[in-house]
Amino acid sequence: MTSYRPRRLRTTPAMRRLVREVRPHPGELVWAVFIHEELAEPRPIASLPGVSQHPLAAVPALVDAAVEAGVGGLMIFAIPAVRDARGSGAVDPDGILNRAIRAAADAAGERLVIMADLCLDEFTDHGHCGVLSADGRVDNDATLAVYAEMGLAQARAGAHVLGLSGMMDHQVAVVREALEAEGFTDVSLLAYAAKYASAFYGPFREAVDSQLEGDRRSYQIDPANGLQGLHEAELDEFEGADIVMVKPALPYLDVVAEVAAQSRVPVAAYHVSGEYAQIEAAAANGWLDRRAAHLEALTSMRRAGADIIVTYAALELAAWLKEN
Ligand code: PBG
């Protein structure tokens with residue numbers, strides 16, 4: 001018989017609290033929100049219970065709610081009224097996303113980090129993350145030029161962090177260079193570095209009225225590949241990413257852990273729509289304790305090494321963390 005008795009450290013709530021390795025904090029949460037150009041009232045998203053598309057006018061209130069909850073940042077996605085092949089609404093200073101950024105940045109001041117999705121999929125009529133070449137394929141380098149313009153439009157609107165989610169090669173370098181050239185040296189880049197072609201994005205497609213037919217497998221990473229995720233994260237760090245992200249989160253915690261081990265910049269994890277919806281659906285059936293499941297998911301992402309968590313549940317998580 002040995003004297004090793006790991007249960008000693010689990011004997012009382014006080015002991016368990018003493019030895020706890022991670023203690024998630026509201027300040028590391030980023031609240032993902034949807035702004036819809038055509039709405040006057042919030043519209044619930046059926047596949048994301050508790051999450052709505054919001055009108056532009058709601059942005060200052062969303063900012064205040066985030067600040068009050070103590071969350072670290074707001075990630076803005078926007079749904080335009082009109083789409084075209086090049087995603088022109090994304091680079092238009094009066095496009096819905098850029099207007100939402102401006103409203104959020106004005107409302108936030110220095111109280112909250114305002115982040116914007118930098119990708120064309122909400123703005124193209126074909127729903128792809130980039131522009132298409134004549135043969136219908138997603139054209140990497142033609143897309144980069146649009147991303148550079150989009151990044152500048154978002155920086156001019158006052159975004160603090162640009163969330164590069166399109167998975168085009170060199171997107172970080174090209175947007176960084178465009179920002180430098182215009183003097184936006186303080187705008188940070190959050191690279192969706194290891195973004196997988198995942199089934200867990202299902203509800204997001206409803207949330208942004210996605211026009212996509214087909215899939216994104218020619219630019220997002222095949223779920224079977226861990227090394228490509230590490231490689232992408234490394235390249236994005238070299239290209240000048242200030243933060244690198246792994247997405248989705250829980251099915252890819254191995255990648256989160258390895259990216260955290262290799263990176264010298266903060267690592268984010270995105271608890272995506274399908275991950276959120278799984279918990280909600282099971283909880284609605286009485287099969288899971290909703291609060292406990294959300295908190296455990298958060299704890300697991302942090303334990304794997306993520307410093308920052310993007311989530312639709314940020315406000316509730318923040319409230320629960322304060323209570324605990
Ligand atoms: C692309 C983008 C997507 C998500 C975030 N940014 C959709 C996709 O890649 O198909 C998904 C997020 C989620 O599922 O919560 N702009």
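Searching the whole of this predicted model turns up 1 cavity of 30 Å³ or more. The largest cavity holds about 150 Å³ of space, and 18 residues line it. If you would like to find its middle on screen, look for Asp121, Lys195, Tyr201, Phe204 and Lys247, the lining residues closest to the centre. Sorted by class, the lining comprises 8 nonpolar, 3 polar and 7 charged residues.

What fills this space? The largest cavity is the space taken by the ligand. General background helps here: a probe the size of a water molecule, rolled over the atoms, reveals where empty space is left.

Now let's turn to the ligand and its surroundings. There are 18 residues around the ligand, and those that come nearest are Arg205, Gln220, Lys247, Ser273 and Tyr312. Lys247 is thus a residue to pause at, being among the nearest to the ligand and also among the closest to the centre of the largest cavity. The shell around the ligand is made up of 8 nonpolar, 3 polar and 7 charged residues.

Several side chains make polar contacts with the ligand, and they are worth visiting one by one. Asp121 has a side-chain N or O atom 2.8 Å from a nitrogen atom of the ligand. On the oxygen side, Arg216 places a polar side-chain atom 2.7 Å from an oxygen atom of the ligand. Gln220 likewise has a polar side-chain atom 2.7 Å from a ligand oxygen atom. How much of the ligand's surface does the protein bury? On its own the ligand exposes 400 Å², and 100% of that is buried by the protein.

Note on methods:
Residues are numbered from 1 along each chain as its sequence is written. This is a predicted model: local features need pLDDT of at least 70, side-chain atom pairs count only at pLDDT 80 or more; totals for chains, interfaces and linings use all residues. Side-chain values use heavy atoms; hydrogens and water are left out. A residue is near a molecule or strand if one of its heavy atoms lies within 4 Å of it. A polar contact is a pair of N or O atoms within 3.5 Å; within protein, one must be able to donate a hydrogen and the other to accept it, and residues adjacent in sequence count only if both atoms are side-chain atoms. Accessible areas come from the Shrake-Rupley method with a 1.4 Å probe; for residues, only the protein chains shown count as cover. On a 1 Å grid over the protein atoms alone, a cavity is a set of points where a 1.4 Å probe fits but cannot get out, and a pocket is an open set with protein on both sides within 12 Å along at least five of seven lines; lining residues have an atom within 4 Å of a point. A molecule sits in a cavity or pocket if more than half of its atoms lie within 2 Å of its grid points. Ala, Val, Leu, Ile, Met, Phe, Trp, Tyr, Cys and Pro count as nonpolar, Asp, Glu, Lys and Arg as charged, and the others, Gly among them, as polar. Grid points are joined across faces, edges and corners, and a volume is the space filled by probe spheres set on the points.
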